[in-house]
Amino acid sequence: MSTWVATVASGAQEPLNAPAPLISAPASGVTAGDTAAQLISAQRALEMGMPATAAEIFRELLKRPGIDERSITLSLSAALIADNRAPEAERLLAAFKNKVGAGHEGAAWHLYAGLAAMQMNRVEPARGELPPVKERESELTPEERSWWFYLQGLLAEKGPDRARAAEAARGFYEQAIEAATSTYARVGFQIAREQALLRIRVPTPAELELSRQQMETWRGRDLGYGAAETVAVGLNAQGNRTQALAVLNEQLLGLPAQERAREDRFRLLIGMIAGAGDGVGRNALLQLLRSGRDIEPQRIALQLLAEKSTTEPLRGQFRAELSRLIAAPVPHPIYEDLLLFRANFSLAEKNFIAAEEDARALLDKFPGSALKPLALAVLTSSAWEQRRYRTVVESAMRAVEAQSKDSSSGRQARAELNVLVAEAWFRAGDFRSSADA
């Protein structure tokens with residue numbers, strides 16, 4: 001770990017021991033603890049479905065001397081692909097290959113190269129990445145295995161037999177969801193599955209006409225609702241997005257109260273087709289988040305909305321919406337998720353008190369929550385940014401214990417948190433504890 005002068009600024013805690021006067025800062029001014037804190041923030045943003053934020057942090061980390069270039073390159077590639085920026089990911093991967101030499105890229109490199117190619121609809125280059133991944137599949141981390149199933153699903157969609165291709169693709173997408181190693185990784189692959197269904201369920205002209213007839217004949221019944229969904233998907237695939245949304249909105253207006261699950265489905269489709277950025281799509285997802293019946297589509301809506309709310313004025317509007325839902329007299333079905341996302345938005349705005357209040361509320365109300373590591377990461381990041389180093393130690397050590405011991409991301413997070421603990425003790429002037437850590 002890099003060493004530097006331990007200083008205590010206004011608001012930071014007093015050191016336990018006198019600072020070591022002969023230790024100098026690195027030329028870059030960036031320590032191992034600073035890097036670990038940034039990695040924790042980037043990984044939290046990527047996991048929670050905010051890839052643009054994660055990509056910005058990973059790109060900055062890649063410029064730092066002594067960084068694990070392979071790991072950060074792959075993480076940045078994943079963030080860029082998740083943010084639909086495949087050309088940037090492809091250039092990044094190509095530059096890394098040129099540096100390390102052909103044959104030394106590793107299985108994960110070929111995986112992300114295949115995903116980038118598929119996002120740009122370059123099917124054969126993507127298919128060409130399958131053999132090197134299969135050959136070295138054992139190198140993939142548990143998290144990367146989810147992406148591996150997803151890539152195979154994308155390629156399965158391109159099979160010559162339409163019905164078999166759709167069935168095979170669905171199977172791979174379900175495996176990707178099943179293999180996901182965290183709550184929000186699972187949500188991310190559920191979103192990817194829904195996007196895929198909009199592609200692979202495209203009806204032929206004859207099927208579309210039959211569905212139109214069934215929609216009218218069986219209006220107000222299950223068969224009619226299913227046919228309406230098929231019509232909307234078909235119209236959207238033809239480029240008639242306005243007509244597709246009109247069909248779905250018409251169905252929503254006539255839904256009886258007992259069809260709440262169908263209402264959730266139609267709102268989710270509207271949000272997926274129109275997008276979460278503004279207008280009808282954002283409104284549909286907000287309604288789903290407010291009054292949905294099932295937590296799975298509500299979590300999808302939450303992540304889609306959060307991804308499009310990272311800048312003003314949408315960020316402020318969305319944070320206000322989270323506050324209204326959290327303050328409702330009846331606890332929301334995904335109350336803990338709302339607390340976590342509001343804590344992250346507060347942290348991004350440097351509102352440390354609010355961020356910590358929400359993170360602690362989550363931990364107090366849901367002590368066994370799967371979101372516990374993310375809440376503790378918020379507390380750790382908040383304390384680090386405020387230079388409250390002994391508080392960093394406390395929350396980081398709790399975060400280490402909360403990390404999964406089975407996933408590679410959990411092991412990596414524990415390593416980064418331990419670096420943070422060691423440097424936090426050092427910055428607080430407790431050199432013995434720092435050395436022990």
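This passage describes helix packing, aromatic pairs and selected loop residues in a predicted model.

We may begin with the pairing of α1 and α2. Helix α1 covers residues 32–47, and helix α2 covers residues 51–62. Their axes lie 7 Å apart and meet at an angle of about 155°. Because angles over 145 degrees count as roughly antiparallel, α1 and α2 are roughly antiparallel to each other. The crossing of these two helices is left-handed. On the α1 side, the contact is made by T35, Q38, L39, S41, A42, Q43, A45 and L46; α2 contributes P51, T53, A54, I57, F58 and L61.

Helix α1 appears again among the partners of α16. Helix α16 runs from residue 295 to residue 307 and has 13 residues. From its first C-alpha to its last it reaches 18 Å, close to the 18 Å expected at 1.5 Å a residue. Where does α16 sit with respect to solvent, mostly covered or mostly open? It is mostly covered, with ten of its 13 residues buried. The buried residues are P297, Q298, R299, I300, A301, L302, Q303, L304, L305 and A306. They pack against α1, α10 (183–200), α14 (260–274), α15 (279–291), α17 (314–327) and α18.

Helix α18, one of these partners, spans residues 335–348 and includes S346. The relative accessible area of S346 is 0%, so this residue is buried. Setting aside neighbours within four places in sequence, S346 is in contact with R319, N351, A354 and A355. Beyond α18, the loop leading to α19 (352–365) holds K350. K350 is not a glycine, yet it has a positive phi of about 65°.

Aromatic residues offer another view of the packing. The structure holds ten aromatic pairs. In one of them, the rings of W147 and Y150 have centres 5.9 Å apart and planes at 75°, so the pair is edge-to-face. Both residues belong to helix α8 (residues 142–156), where they are three residues apart and thus separated by about one helical turn. An α-helix has 3.6 residues a turn, so residues three or four places apart point the same way. Y150 has a relative accessible area of 13% and is therefore buried. The W147 and Y150 rings are also part of a wider arrangement, in which ring pairs link W147, Y150, Y173 and F189 into a cluster.

Several loops deserve a closer look. A cis peptide bond, with omega about 5°, joins E312 and P313. P313 is located in the loop between α16 and α17. Another loop, between α3 (69–82) and α4 (86–100), contains N84. Like K350, N84 is a non-glycine residue with a positive phi, here about 60°. The relative accessible area of N84 is 60%, so it is exposed.

The final loop considered here joins α11 (205–217) to α12 (222–237) and includes G220. Is G220 buried, partly exposed or exposed? Its relative accessible area is 42%, so G220 is partly exposed. How far is G220 from L208 in sequence and in space? The two are twelve residues apart along the chain, and their C-alpha atoms are 19 Å apart.

Note on methods. Residues are numbered from 1 along each chain as its sequence is written. This is a predicted model: local features need pLDDT of at least 70, side-chain atom pairs count only at pLDDT 80 or more; totals for chains, interfaces and linings use all residues. Side-chain values use heavy atoms; hydrogens and water are left out. Helices (H or I, at least four residues) and strands (E, at least two) are DSSP runs, numbered from the N terminus. Buried means under 20% relative accessible area, exposed over 50%, partly exposed in between (1.4 Å probe, protein chains only). Contact means heavy atoms within 4.5 Å. Rings of Phe, Tyr and Trp (its six-membered ring) pair if their centres lie within 6.5 Å; planes under 30 degrees apart count as stacked, over 60 as edge-to-face and the rest as tilted. The expected span of a helix is 1.5 Å times one less than its number of residues. Axes are lines fitted to C-alpha atoms, for helices over the stretch in contact, and angles run from 0 to 180 degrees between N-to-C directions. Angles under 35 degrees count as roughly parallel, over 145 as roughly antiparallel, 65 to 115 as roughly perpendicular and the rest as oblique. A crossing is left-handed if the near helix is turned anticlockwise from the far one by less than a right angle, and right-handed if clockwise.
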